[in-house]
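Reader: I am new to reading structures and would like to go through this one with you. Could we take it step by step?

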Amino acid sequence: MNIEKKLAEKTIEALHSLYGATIEKVVFEKTNPDFVGDLTLVVFNFLKISKKKPEETATEIGNFLKTHIAEVADFNVVKGFLNLVIDNSFWLNYFKFINGKPFINDTLAENAPTVMVEYSSPNTNKPLHLGHVRNNLLGYSVAEILKAAGNKVIKVNLVNDRGIHICKSMLAWQKWGNGETPESSGMKGDHLVGKYYVEFDKNYKLQIADCKLKGLSDEEAEKQAPLMIEAQEMLLKWEAGDKEVRTLWEMMNSWVYKGFEATYKMMGVNFDKTYYESNTYILGKNIIDDGLAKGVLKRRADNSIYIDLTPDGLDEKTLLRGDGTSVYMTQDLGTAVQRAEETPFDKLIYTVGNEQDYHFKVLFLILKKLGYKWADGLFHLSYGMVELPEGKMKSREGTVVDADDLMKVMVETAAATTKELGKHEGLSDAEAEKLFYTIGMGALKYFILKVDPKKKMLFNPAESIDFNGNTAPFIQFNYVRIQALLRKAGEGWDFHDIDVFTHNITLLPKEKELIIKLYNFNATLQQAAIEYSPAVIANYVYELAKEYSQYYHDTPILKEHQKDLVLFRLQLSKIIGNAIRSAMQLLGIEVPDRM
RNA sequence: GAUUCCGUAGCUCAGCUGGAUAGAGCAACUGCCUUCUAAGCAGUAGGUCAAGAGUUCGAAUCUCUUCGGGAUCACCA
């Protein structure tokens, strides 16, 4: 059922037969809506071969295709554009073909490639904010898209649960916490720990100021402030396995995990496996020996180990300090190698912001130089920062948008809007709550995912996220209207029995467009998978919903007098509903049955 | 300074493997609910695709330069 492929093959044949030339590849594109036709071939590139005028060349190819392909009903030529009209029977055939078939096939092929998608990867010293939300939604959605596109997907989280930042929270809690717990304070665990991180920073700043008064430079002040020295000591104790420090660490981390769990649940994301840096941070040192032996890595006079990437246009990168301790890069090398050994993958995708573009460029290059074959399958899913009207979010300046707060506000707004419109009537309290959640979270997710991941995006807290226009609630609304139609039609209709041919259905232009849209579902999914871009899906499902909305407005469905047409339109609606639900599912967005 | 990403309507974004007259949504203004859910539909207005040059039959799309913005350039993570 791939008409483009058939056309391309025949066109290559036509070029050979007409002009004796061999062309590798031809591409058909959608016909511009202002012209008659469904698919268009641009013939300018073939003029060298045909040695004829554009119009003449297009006409000759058009004639060839029309006589050799039954589905080509007609064609017209405008300048160098050959517009083909595909016969309605093809689209009806396709409609029949997808009838009752799911848009997303959840059975995987035996030889499906294994793709590991790492995302989220939070620090355990503070709660998640809007930047993390983009990361999580993006990682989850890309994983779902890759799964739907036929990959065996493993979602992993690498929790940064150790290091100086956690020690800061721990130290502040020890000093000023008075034994406060999530239970005693009624605070969510991650927020409680975050509170002490802020507390640390506040006092630390005061100390820095003090030190500077005593004549220290900025850099010296930052290093010599007593709090920082204490935090460093605590980190050393942690590394030495000090019992007291470890116990505190475990307790506070457990608070954070409980908090994260709630946030993840609200966001609707999940993981197949969670790694902890406390288990992986020592990894990588053995790789260094191997790299030295291979001559890829070099040792400096002070005993530090580095790799020279200047031939590749990058810098020298240190991998082991003079004292033998490792750096972030070392750990990432080790983690990657461990994963490749544990779970051989065809691709490993790191969902990390574009501020780390350089880091991943270097990481991948080093792994390649060390000779790991799987290094070719590494990919940095680099996404742009979320910015506020006043610029980048800065936790220290208190301009972060908290993830939990934001989600709560979204659901509350959804509730208020729904009530205002009276759309909650007839629902039980539980159903209404579920609906507010579905709409509010849908609006948030769609707002974030519709933007090309690579681009930075702007979030203005002052203007609440819209529920009209190009939004999830609009798409959900169209799904709901379809469900309402199906409910009204009742159980008595046997949709699967409609034979569009024996019933002699004449397609309305909009119906044909809608079927073509459905036909494009799979190609869109593939494109989204290749580009790692949920935005491709978001744009597609919006267009589908929009066209359906127009169709619904202009065309009687249940009110149609001819029973055959009622059946056909209901079934078309039902399939579109399925397509909408499936596409939204790829974005991690649910659809309600009524709203 | 070096590297890198970005600049499309007042705002938020599509379009970018070169194709026909650059599209949506929001905001503004007009119509349309006794007719399958108006979170809707239809319409008006809004553009030097940052600027310039080049390649091409054809450039928002590719190349170069300039301007403007972000990020990175630690023996931090």
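Author: Gladly! Let us start with a term: a residue is near a molecule or strand if one of its heavy atoms lies within 4 Å of it. Keep in mind that this is a predicted model.

Reader: Thanks! How many residues surround RNA strand B?
Author: We apply the cut-off of 4 Å to heavy atoms. The closest residues to RNA strand B are F81, D302, R321, K423 and T555. They belong to a surrounding set of 63 residues.

Reader: Which element gives the most to the surface near RNA strand B?
Author: Several elements supply at least two residues each, among them β2 (39–42), β4 (81–86), α16 (403–420) and α18 (472–489). By class, this surface near RNA strand B has 26 nonpolar, 20 polar and 17 charged residues. The top contribution to it is 8 residues, and the element that gives them is α18.

Reader: Of the atoms of RNA strand B within 4 Å of the protein, what percentage belong to sugar or phosphate?
Author: These atoms of RNA strand B fall into two groups, with bases making up the rest. The share that belongs to sugar or phosphate is 62%.

Reader: Which residue has a backbone N or O atom 2.7 Å from a base nitrogen of RNA strand B?
Author: Let us go through some contacts with bases. The side chain of N45 has an N or O atom 3.3 Å from a base oxygen of RNA strand B. For L558, a polar backbone atom is 2.9 Å from a base oxygen. The base nitrogen you ask about has its backbone partner in M595.

Reader: Now to the pockets. Which element gives the largest share of the lining of the largest pocket?
Author: The largest pocket holds about 1,700 Å³ of space. Of its 50 lining residues, N123, N160, H165, Y328 and Q356 are the closest to the centre. Elements that give two or more residues to this lining include α5 (130–148), α6 (164–176) and β11 (347–353). The largest share is 4 residues, and it comes from β11.

Reader: How many nonpolar residues does the lining of the second largest pocket have?
Author: This second pocket has a volume of about 1,200 Å³, and E4, I516, Y519, N520 and F521 lie nearest its centre. Its lining takes its largest share, 7 residues, from α19. Sorted by class, the lining has 8 polar and 14 charged residues, and the nonpolar count is 26.

Reader: Why is one side of β8 and of β10 left without a neighbour in the sheet?
Author: The sheet is open, with 3 strands in the order β8-β9-β10 and antiparallel pairing. β8 (298–299) and β10 (316–320) stand at its edges, so one side of each lacks a neighbour in the sheet because each has a single partner strand.

Reader: Which residue of β9 is the bridge partner of K298?
Author: β8 and β9 (residues 305–308) run antiparallel and are joined by 2 bridges. In β9, K298 finds its bridge partner in Y306.

Reader: One last topic: with which residue does K10 form a salt bridge?
Author: Side chains of opposite charge can pair when their charged atoms come close. Across the whole structure, a search finds 30 salt bridges. K10 and its partner are 3 residues apart in helix α1, which means about one helical turn separates them. The closest N and O atoms are 3.4 Å apart, and the partner of K10 is E13.

Key:
Residues are numbered from 1 along each chain as its sequence is written. Chains are lettered from A and ligands numbered from 1 in the order in which they are written. This is a predicted model: local features need pLDDT of at least 70, side-chain atom pairs count only at pLDDT 80 or more; totals for chains, interfaces and linings use all residues. Side-chain values use heavy atoms; hydrogens and water are left out. On a 1 Å grid over the protein atoms alone, a cavity is a set of points where a 1.4 Å probe fits but cannot get out, and a pocket is an open set with protein on both sides within 12 Å along at least five of seven lines; lining residues have an atom within 4 Å of a point. Grid points are joined across faces, edges and corners, and a volume is the space filled by probe spheres set on the points. Ala, Val, Leu, Ile, Met, Phe, Trp, Tyr, Cys and Pro count as nonpolar, Asp, Glu, Lys and Arg as charged, and the others, Gly among them, as polar. A polar contact is a pair of N or O atoms within 3.5 Å; within protein, one must be able to donate a hydrogen and the other to accept it, and residues adjacent in sequence count only if both atoms are side-chain atoms. Two strands pair if DSSP finds at least two bridges between them. A salt bridge is a side-chain nitrogen of Lys or Arg within 4 Å of a carboxyl oxygen of Asp or Glu.
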